[in-house]
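Here are my notes on the model you sent over. Have the structure open while you read; I go through the helix packing, then the strands.

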Amino acid sequence: MAANGLPSAPVDHGDTVTYEFVANDPMATYLATVNIDQFERQDLTGPSGLPIINYLTVEGSAETRAPFAQYAEMIEAFSDRFGPYPFEVAGVIQVGQGLGVALETQTRPLFGTGTSEHTVAHELAHQWFGDYVSLQGWNDIWLKEGFAQYSEGLWKEHVAGRDALDRWVVATFESIMGISFVAKAQFAEYLDGLEAPDAIMTADDVAALLALPLITIVDGVVTPVSLTGAEVDAALAQVPVEGIVNRKLGSILESLPFDGWKLTWGQAATMRDHVGIEQPLLDFDVIVPIFAPPPDAVQSADPAVMYSSGVYNRGALAMHALRLRVGDELFFAIVQTYFQRFGGGVASSADFAAVATEVSGQDLSDFFDAWLKDPLMPDIPEMGLLKENYR
C-alpha cells in the first residue's frame, strides 16, 4: 500500500495489516491518494537529508524505473530555483499499469509504468506550485500547469544547458502555432489518416513535396536539410509517366536522406493539396483562443478549456517570456518570493502579477494583459518567435 506523507511500520494483525501514513501539511483534497498494489519500497536520501521514499510496482523493470533515477537531483535543482522543497518527505508511486497520465499527488506523485523523465520533472515541480501554493480558483490553473510545464524546460536547461531550453521553448511555441511534423516513414499512414491514399501524384507533385521544409532529427534535435539536385532527380525518375498512387510513394522516399517535413499551417495545406485532399483551411489559418473566449481569456473555469494543452504550453511560455522581460535574476526572485509569500495557502493570477511587479519594479500590466487575457498568443521577439512566420 502507498499513500501521501510519512509511513509508519505496517502492523500485522494476522488476517489483516494496518498501514498508516501521516501528512502533516495542509493538502487540497484532489491531491490525496491511496494505492493498493504489490510495491517495492525504495528508501533514499535527498538534499539536506530529505527522506525520499518511493513505492515502485514489482511488475516494473529497470527501463520503467529509469525516469526516476535522477529524482534527488531534480529536487535539488528545483530547490535552487524555486526555494527549499516544501514538505517533510518526497518520493513517487508507480503502479503496475500504463496510466497514460500522471498526477501531482502531494509528497508522492503518481505514475504508471510508461512515464518519462520530463513528466517526472513536471509532477515534481507541482510540489511547489499547485501543492504547496494552491490555486484560489480553477480559473487560475495556468499558474500551476504553466509552472510545471516550464519546469520541464528548466530541467532540460539544468541537464544540457541554455541551448536545450531554447530548443524546448521554440518547440513549445511552434506546437501552439500549429506546426506539423510529418515523418517520412509514416507518410503512408498520414495519407490513410487523411483518407486520400489512392490519389495520384505526378512527378511535379512529388517535386513540390520535396521542396517543402525537410528535416533530420538526431538525438531529438530537429535540423533543416536540403536535398541535392541529383537526389531529387533520382527520386523523380522513379515516378511513372501516369503518376504514382500516394500509398506507394514510400518506396521512392525511402532512400532519400531526410526524416520528414516540418510544416507551417500554410505549408501543411499545400501538402494536403499535393496528395489530393480537399479540406477547409480553417484549422490552419486561424489562431484560436488559448485559455478561454474573450474578453477575459484566462479567467474562465470552463471545463472545455481549463485543462487544454494551451493552458500548459502558453502558461509555460508566459513564464519564459517574463524571464526574458525582467532577466534571470529578477525572474527567479519573483518565483521565490511568490512561493515564500503564499506557501501553505492559495494564490491567484493577480497575486502572481502583483509579486512580479513588486520584485521587478516594472509596470508589467501590458505583459500580463497580453499573455493572460488576449485570446491571441503574443510573439516572443527576443527569440525571433513571431506568429507571422508560422502562417
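**Notes on helix packing and strand pairing**

1. Helix 2 and helix 3 make a right-handed crossing (right-handed means the near helix is turned clockwise from the far one by less than a right angle, left-handed anticlockwise). Keep in mind that this is a predicted model, where local features need pLDDT of at least 70 and side-chain atom pairs count only at pLDDT 80 or more, while totals for chains, interfaces and linings use all residues. Residues are numbered from 1 along each chain as its sequence is written, and side-chain values use heavy atoms, with hydrogens and water left out.

2. Some geometry for that pair: helix 2 covers residues 71-82 and helix 3 residues 117-125, and their axes cross at roughly 45° and come within 11 Å. That makes helix 2 oblique to helix 3 (under 35 degrees is roughly parallel, over 145 roughly antiparallel, 65 to 115 roughly perpendicular, the rest oblique). Axes here are lines fitted to C-alpha atoms, for helices over the stretch in contact, with angles from 0 to 180 degrees between N-to-C directions. Helices (H or I, at least four residues) and strands (E, at least two) are DSSP runs, numbered from the N terminus.

3. Who touches whom? On the helix 2 side you have Tyr-71, Met-74, Ile-75, Phe-78 and Phe-82, and they meet Glu-117, Val-120, Ala-121, Leu-124 and Ala-125 of helix 3 (contact means heavy atoms within 4.5 Å). By class, that contact has 9 nonpolar, no polar and 1 charged residues (Ala, Val, Leu, Ile, Met, Phe, Trp, Tyr, Cys and Pro count as nonpolar, Asp, Glu, Lys and Arg as charged, the others, Gly among them, as polar).

4. Now helix 4 (residues 141-160) against helix 12 (residues 309-326): the axes are 7 Å apart, at an angle of about 65°. That makes helix 4 roughly perpendicular to helix 12. This crossing is right-handed. The helix 4 residues in contact include Trp-142, Phe-147 and Tyr-150, and those of helix 12 include Tyr-312, Met-319 and Arg-323. The class count for this contact is 10 nonpolar, 5 polar and 3 charged residues.

5. Which residue forms a salt bridge with Arg-81? Glu-157 does, with the closest N and O atoms 3.5 Å apart. The two sit in distant parts of the chain, Glu-157 in helix 4 and Arg-81 in helix 2, 76 residues apart. The structure holds 13 salt bridges (a side-chain nitrogen of Lys or Arg within 4 Å of a carboxyl oxygen of Asp or Glu).

6. On to the open sheet: 4 strands, order 12-17-14-15, antiparallel pairing (two strands pair if DSSP finds at least two bridges between them). Strand 12 (180-183) and strand 15 (221-225) are at the edges with a single partner strand each, so one side of each has no neighbour in the sheet. Neighbouring strands are turned by 40° against each other on average, direction ignored.

7. Within that sheet, strand 12 is joined to strand 17 (residues 260-263) by 4 bridges, and Ala-183 has Gly-260 as its bridge partner. Strand 14 (residues 214-218) pairs with strand 17 over 2 bridges, with Leu-214 partnered by Trp-261.

8. Last, the hairpin. Strand 7 (residues 39-45) and strand 8 (residues 51-57) run antiparallel, joined by 7 bridges, and Arg-41 stands opposite Tyr-55. There are 5 residues between the strands, and Ser-48 takes a positive phi near 55°.
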